[in-house]
Amino acid sequence: MRFNQDMITHHRQTIQLAELAADRSSSSYVRGLSKKLIAGEEADIQVMSTWLRSWQAPVPSEQDAKTGSELRAGPGFDRRWLTVLSKQFDHGIQMAEVVRAAGRHGPTLQLADRLITEQRAQLADITKQLA
């Protein structure tokens with residue numbers, strides 16, 4: 001349950017970060033990735049929120065964490081954005097690995113496995129972009 005609550009907050013932070021790219025990025029790669037992230041994270045939030053409500057557990061409220069707000073448009077934005085996103089993915093992978101090792105809810109474990117696989121692949125792709 002706690003993982004789902006924390007991951008909803010984490011996903012919302014990723015969405016906030018991704019939304020910045022729409023106005024500030026000059027890279028088609030970054031803009032495309034940000035659109036993909038928003039859609040995927042929103043879908044995951046819906047699933048986890050449904051689980052939490054079925055367990056009569058609180059769903060984290062929308063919060064305005066201003067994730068990435070220090071990233072200004074202009075030269076270097078895309079590189080800085082990818083670097084911040086990489087750190088966000090690293091944190092998400094760590095969270096998912098913890099629940100995968102100790103969790104009991106089958107669908108949550110499947111979600112954690114998928115997140116680990118997807119975010120590791122995205123990190124590898126980002127590393128290529130930053131090279």
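This is a short tour of one structure, stop by stop, with something to select at each. Keep in mind as you go that the model is predicted.

**Stop 1: helix α2**

Start by selecting residues 28–54, which form helix α2. How far apart are its end C-alpha atoms? They are 40 Å apart, and because 27 residues at 1.5 Å a residue should span 39 Å, the two values agree.

Now move to the N-terminal end of α2, where serine 27 acts as a cap. Show its side chain and you will find an oxygen 3.2 Å from the backbone nitrogen of tyrosine 29. Just after α2, click on glutamine 56, which has a positive phi of about 55°.

**Stop 2: the buried residues of α2**

Next, colour the buried residues of α2, including Val30, Leu33, Leu37, Ile45, Met48, Trp51 and Leu52. Some residues with polar side chains belong in this selection too, among them Ser34, Glu41, Asp44 and Ser49. Which helices do these buried residues pack against? Bring up α1 (2–24), α3 (77–102) and α4 (106–130), and you have the partners.

**Stop 3: serine 34**

Pick serine 34, which sits in helix α2. Is serine 34 buried or exposed? Its relative accessibility is 3%, so serine 34 counts as buried, the cut-off being under 20%. A polar atom of its side chain lies 2.7 Å from the backbone oxygen of arginine 31. Leaving aside neighbours within four places in sequence, serine 34 also touches Ala18, Ala21 and Trp81.

**Stop 4: the nonpolar core**

In soluble globular proteins, nonpolar side chains tend to be buried together. To see this here, select Phe3, Leu33, Leu37, Trp81, Leu82, Leu85 and Ile126: they have the most contacts inside the largest nonpolar core, a group of 34 residues. Each of α1, α2, α3 and α4 supplies at least two residues of this core. Which helix gives the largest share? That is α3, with nine residues.

Zoom in on leucine 82. Setting aside neighbours within four places in sequence, leucine 82 is in contact with Tyr29, Val30, Leu33, Ile126, Gln129 and Leu130.

**Stop 5: the salt bridges**

How many salt bridges does the structure hold? There are five, and this stop visits some of them.

Show aspartate 44 and arginine 114, whose side chains form a salt bridge with N to O at 2.5 Å. This pair joins distant parts of the chain, with aspartate 44 in helix α2 and arginine 114 in helix α4, 70 residues apart. Aspartate 44 is buried, at 8% relative accessible area, whereas arginine 114 is partly exposed at 32%.

Then select arginine 120 and glutamate 97, another salt bridge, with its closest N and O atoms 2.3 Å apart. Arginine 120 is in helix α4 and glutamate 97 in helix α3, so the pair ties together parts that are 23 residues apart in sequence. Arginine 120 is partly exposed at 43% relative accessibility, and glutamate 97 is partly exposed at 27%.

Aspartate 113 and arginine 100 also meet in a salt bridge, at 3.4 Å from N to O. Aspartate 113 belongs to helix α4 and arginine 100 to helix α3, so this pair ties together parts 13 residues apart in sequence. Aspartate 113 has a relative accessible area of 34% and is partly exposed; arginine 100, at 40%, is partly exposed as well.

For the last view, show Asp44, Arg114 and Glu118 together: salt bridges that share partners join them into one network.

Conventions: Residues are numbered from 1 along each chain as its sequence is written. This is a predicted model: local features need pLDDT of at least 70, side-chain atom pairs count only at pLDDT 80 or more; totals for chains, interfaces and linings use all residues. Side-chain values use heavy atoms; hydrogens and water are left out. Helices (H or I, at least four residues) and strands (E, at least two) are DSSP runs, numbered from the N terminus. The expected span of a helix is 1.5 Å times one less than its number of residues. Buried means under 20% relative accessible area, exposed over 50%, partly exposed in between (1.4 Å probe, protein chains only). Contact means heavy atoms within 4.5 Å. A polar contact is a pair of N or O atoms within 3.5 Å; within protein, one must be able to donate a hydrogen and the other to accept it, and residues adjacent in sequence count only if both atoms are side-chain atoms. A nonpolar core is a set of buried Ala, Val, Leu, Ile, Met, Phe, Trp, Tyr and Cys residues joined through side-chain atoms within 4.5 Å. A salt bridge is a side-chain nitrogen of Lys or Arg within 4 Å of a carboxyl oxygen of Asp or Glu.
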